[in-house]
Amino acid sequence: RCRVRASEPESFSIFFAAFNFGAYSSAMKIAVLGCGAMGSIYAAFLSEHHEVIAIDVWHEHVQAINSVGLRVEESTGKVRTVKMTATAADSNLGDLGQFDLAIIATKTSNVAEAART
């Protein structure tokens, strides 16, 4: 079961508006490396308008995202399940092709390794 609580959804709206992701004429292909609390929220919000691939080291989390989706619960009580593709970080990531944007949402100690990916 994948469940993430978005405690301040308005701050995420500001974040995404600042980058103006909606201004692109076509959907972007986005990789989110690290799908803990923050990475999952980024992936869920971005997947509304873009192709998002969640990349994570936790195999059970990857399997749950692929089978039932990512469940996001906002502070307002609104709950939604977002369908997306997830893959394990130790898989052959070269098979995924190129991305327009990669977001590293790992713990600080794992940023360097994620950036090499």
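**Exercise 1. How many of the 10 residues of α2 are buried?**

Before you start, note that this is a predicted model, in which local features need pLDDT of at least 70, side-chain atom pairs count only at pLDDT 80 or more, and totals for chains, interfaces and linings use all residues. Residues are numbered from 1 along each chain as its sequence is written, and side-chain values use heavy atoms, with hydrogens and water left out.

*Solution.*

Step 1. Fix the terms. Buried means under 20% relative accessible area, exposed means over 50%, and partly exposed lies in between (1.4 Å probe, protein chains only). Helices (H or I, at least four residues) and strands (E, at least two) are DSSP runs, numbered from the N terminus.

Step 2. Go along the helix. The buried residues are Gly39, Ser40, Ile41, Tyr42, Ala43, Ala44, Phe45 and Leu46.

Step 3. Conclude. In α2, 8 of the 10 residues are buried, and the helix is mostly covered.

**Exercise 2. Place α2 in the whole chain by listing the elements of the protein chain from the N terminus on.**

*Solution.*

Step 1. Take stock of the elements: the protein chain has 4 helices and 7 strands.

Step 2. Write them in order, and you get β-α-β-α-β-α-β-β-β-β-α.

Step 3. Add two overall values. The chain has 117 residues, and 42% of them count as buried. Among contacts (heavy atoms within 4.5 Å) with a separation of 6 or more, 64% come from residues 24 or more positions apart.

**Exercise 3. Work out the strand order of the open sheet of 4 strands, and say which helix packs on the sheet, touching β2, β3 and β7.**

*Solution.*

Step 1. Recall the pairing rule: two strands pair if DSSP finds at least two bridges between them.

Step 2. Read the order, which is β6-β3-β2-β7, with parallel pairing. At the edges are β6 and β7 (101-104), each of which pairs on one side only. On average, neighbouring strands of this sheet are turned by 20° against each other, direction ignored.

Step 3. Look at one pair closely. Strand β2 (residues 29-33) runs parallel to β3, and 5 bridges join them. Ile30 stands opposite Val52 in β3, and Ala31 has Ile53 in β3 as its bridge partner. β3 is mostly covered, with 5 of its 6 residues buried.

Step 4. Add the helix. α2 packs on the sheet and touches β2, β3 and β7, and its direction makes about 165° with that of β2. Here axes are lines fitted to C-alpha atoms, for helices over the stretch in contact, and angles run from 0 to 180 degrees between N-to-C directions.

**Exercise 4. Which residues of helix α3 (residues 59-68) are buried, and why do they lie on the same side?**

*Solution.*

Step 1. Pick out the residues: His61, Val62, Ala64 and Ile65 are buried in α3.

Step 2. Check their directions. They lie on the same side of α3 because they cover an arc of only 165° around the axis, the arc being that of the directions from the helix axis to the C-beta atoms.

Step 3. Turn to the other side of α3, where Gln63 and Ser67 are exposed.

Step 4. Find the partners. The buried residues of α3 pack against α2 (37-46), β3 (51-56), β4 (70-74) and β6 (85-88). The helix lies across β3 and β6, running at about 160° to β6.

Step 5. Zoom in on Asn66, which is found in helix α3. Asn66 counts as partly exposed because its relative accessibility is 39%. Not counting residues up to four places away in sequence, Asn66 touches Met84, Thr85 and Ala86. Between Asn66 and Thr85 there are 5.7 Å in space, C-alpha to C-alpha, although they are 19 residues apart in sequence.

Step 6. Leave the helix. Just after α3, Gly69 takes a positive phi of about 95°.

**Exercise 5. Describe how β4 pairs with strand β5 (residues 79-82).**

*Solution.*

Step 1. Find the sense of the pairing: β4 and β5 are antiparallel, over 4 bridges.

Step 2. Name one bridge. Val72 has Arg80 in β5 as its bridge partner.

Step 3. Inspect the turn. The hairpin of β4 and β5 has 4 residues between the strands, and in this hairpin Gly77 takes a positive phi near 95°.

Step 4. Check the cover of β4: 4 of its 5 residues are buried.
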